[in-house]
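The following exercises are to be worked with the sequence and the coordinates at hand. Each task is followed by a solution in steps.

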Amino acid sequence: MRLANKVAIVTGAAQGIGAATARKYAREGAKVVLTDLLDKGSAVAQEIRDEGFDCDFFQADIAKSSDVQALIQHAVQTYGALHVICNVAGINIPGSVVDLDESIWDLTFAVNVKSMFLTAKYGIPEMIKCGGGSIINTGSANSFVAEPMLSAYVASKGGILMLTKQMALDFAKDNIRVNCVCPGWVDTTINDAHHDLFGGRAVLEAAIEEVQPIGRVIRPEEIADVNLFLASDESSSMTGSAIVCDGGITAK
Ligand SMILES: NC(=O)c1ccc[n+]([C@@H]2O[C@H](COP(=O)([O-])OP(=O)(O)OC[C@H]3O[C@@H](n4cnc5c(N)ncnc54)[C@H](O)[C@@H]3O)[C@@H](O)[C@H]2O)c1
């Protein structure tokens with residue numbers, strides 16, 4: 001049990017990487033609050049409970065201050081502590097800076113970056129009361145390298161990397177570690193619009209070795225394994241770091 005006696009919040013937990021992470025956390029002994037805008041997160045939580053593990057679902061817009069404050073309060077009231085925040089929720093709406101509507105730029109930064117400010121702002125005081133904790137922010141290979149037509153997404157993912165490092169400095173003295181997970185192409189629905197832009201998923205898959213040197217799409221569970229490592233005490237020396245799990249994209 002790598003997360004025994006820990007209480008964790010996982011955002012974006014209704015599907016994809018977030019759902020896979022919530023499952024792993026619960027199976028490793030954490031009490032988990034899953035949160036998402038989509039109410040189908042409650043079905044994921046029910047599946048985890050059916051396996052005999054402890055978890056709860058709290059529906060929230062992670063870009064909204066009042067929702068995040070209620071989420072943190074809910075976790076602490078339900079489980080009496082907070083040790084881990086795994087920020088997975090994110091959106092990716094393609095467009096160059098000329099094409100992209102201003103409202104999409106603002107929404108992207110609200111969901112992808114401001115959400116991490118909010119969970120930290122209201123979560124860190126609770127973690128300090130518990131003697132410390134671990135925050136895991138989901139960046140991307142795009143935290144390091146840009147891609148055509150993803151202006152807001154790439155900029156937001158670059159920002160997440162530096163926010164991670166900055167927060168790590170401020171809260172190291174409080175025994176709070178802040179790290180970033182930077183995936184490559186993972187098999188989830190977030191990429192659907194991106195696939196369409198480049199002629200569909202089949203076209204991209206046909207060129208997979210050029211896109212991602214390991215020659216296959218990454219499974220959400222593989223990223224969840226990294227989220228588990230960073231949440232656990234096995235990563236106790238790490239803060240302000242990025243773990244790049246991108247199938248070799250940034251090695252080129
Ligand atoms: N899939 C990939 O190839 C890939 C690559 C690099 C990084 N990532 C990052 O991984 C994270 C998870 O993405 P995924 O691949 O699992 O995609 P996904 O679309 O399956 O999951 C994202 C989740 O975030 C939730 N969400 C969106 N806006 C929200 C809001 N305002 N409030 C609360 N929840 C909200 C969605 O409902 C969804 O459940 C994202 O941050 C994404 O940028 C994914």
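**Exercise 1.** Where is the place of valine 97? Determine also its exposure class and the surface patch to which it contributes.

*Solution.* The model is a predicted one.
Step 1. Valine 97 belongs to the loop between strand S4 (84-87) and helix H4 (102-129).
Step 2. Its relative accessibility is 64%. Exposed means over 50%, so valine 97 counts as exposed.
Step 3. Together with Val98 and Trp105, Val97 makes a nonpolar surface patch of about 330 Å².

**Exercise 2.** Which strands pair with S4, and in what sense? Establish whether its two faces are buried or exposed.

*Solution.*
Step 1. S1 and S4 run parallel and are joined by three bridges. Within this pairing, isoleucine 9 stands opposite isoleucine 85.
Step 2. S4 also pairs with S5, in the parallel sense, over four bridges. Here cysteine 86 is placed opposite isoleucine 136 of S5.
Step 3. Val84 and Cys86 lie on one side of S4, Ile85 and Asn87 on the other, and all are buried. Both faces of the strand are therefore covered, as buried means under 20% relative accessible area.

**Exercise 3.** How many bridges join strand S2 (residues 31-36) to S3? Assess how far S3 is enclosed.

*Solution.*
Step 1. S2 and S3 run parallel, with five bridges between them.
Step 2. Aspartate 36 is the residue opposite glutamine 59 in S3.
Step 3. S3 spans residues 55-59, and four of its five residues are buried. The strand is therefore largely enclosed by the rest of the structure.

**Exercise 4.** Compare the span of helix H9 with the expected value, and identify what covers its buried residues.

*Solution.*
Step 1. H9 consists of twelve residues, 220-231. From its first C-alpha to its last, H9 reaches 16 Å, close to the 16 Å expected at 1.5 Å a residue.
Step 2. The buried residues in H9 are Pro220, Ile223, Ala224, Val226, Asn227, Leu228, Leu230 and Ala231.
Step 3. Their cover includes helix H1 (16-27) and the strands S4, S5 (133-138), S6 (176-183) and S7 (242-245).

**Exercise 5.** Which residues does glycine 215 touch, leaving aside residues up to four places away in sequence? Describe also its position and exposure.

*Solution.*
Step 1. Glycine 215 is located in the loop between helix H8 (208-211) and H9.
Step 2. With 26% relative accessibility, glycine 215 counts as partly exposed.
Step 3. Its contacts, under the stated exclusion, are Ile208 and Glu209.
Step 4. Glycine 248 is 33 residues from glycine 215 in sequence, and their C-alpha atoms are 9.4 Å apart in space.

**Exercise 6.** What is the phi of asparagine 5, and what is that of asparagine 175?

*Solution.*
Step 1. Most residues other than glycine have a negative phi.
Step 2. Asparagine 5 has a positive phi, near 65 degrees. Asparagine 5 lies in the segment before strand S1 (7-11) and is exposed at 70% relative accessibility.
Step 3. For asparagine 175, phi is also positive, at about 65 degrees. Asparagine 175 sits in the loop between helix H5 (151-171) and S6, and its 49% relative accessibility makes it partly exposed.

**Exercise 7.** How many salt bridges does the structure hold? Characterise selected examples by their position and exposure.

*Solution.*
Step 1. The structure holds 13 salt bridges.
Step 2. In one of them, arginine 2 meets glutamate 234, with the closest N and O atoms 2.8 Å apart. Arginine 2 lies in the segment before S1 and glutamate 234 in the loop between H9 and S7, so the pair ties together parts 232 residues apart in sequence. Arginine 2 is partly exposed at 34%, and glutamate 234 is partly exposed at 46%.
Step 3. Glutamate 126 and lysine 129 form a salt bridge at 3.1 Å, N to O. They are three residues apart in helix H4 and hence separated by about one helical turn. Glutamate 126 is buried, at 18% relative accessible area, whereas lysine 129 is exposed at 64%.
Step 4. Arg216, Arg219, Glu221 and Glu222 are linked in a salt-bridge network.

Terms used:
Residues numbered from 1 in each chain as written. Predicted model: local features only at pLDDT ≥ 70, side-chain atom pairs only at ≥ 80, totals over all residues. Heavy atoms only, no water. Patch = residues over 30% accessible without salt bridge, like charges linked within 9 Å, V, L, I, M, F, W, Y side chains within 5 Å. Areas by Shrake-Rupley, 256 points an atom, 1.4 Å probe, with all protein chains shown as cover. Salt bridge = Lys/Arg side-chain N within 4 Å of Asp/Glu carboxyl O. Buried < 20%, exposed > 50% of the residue type's maximum accessible area, 1.4 Å probe, protein only. Expected span 1.5 Å × (residues − 1). Contact = heavy atoms within 4.5 Å. Pairing = 2+ DSSP bridges.
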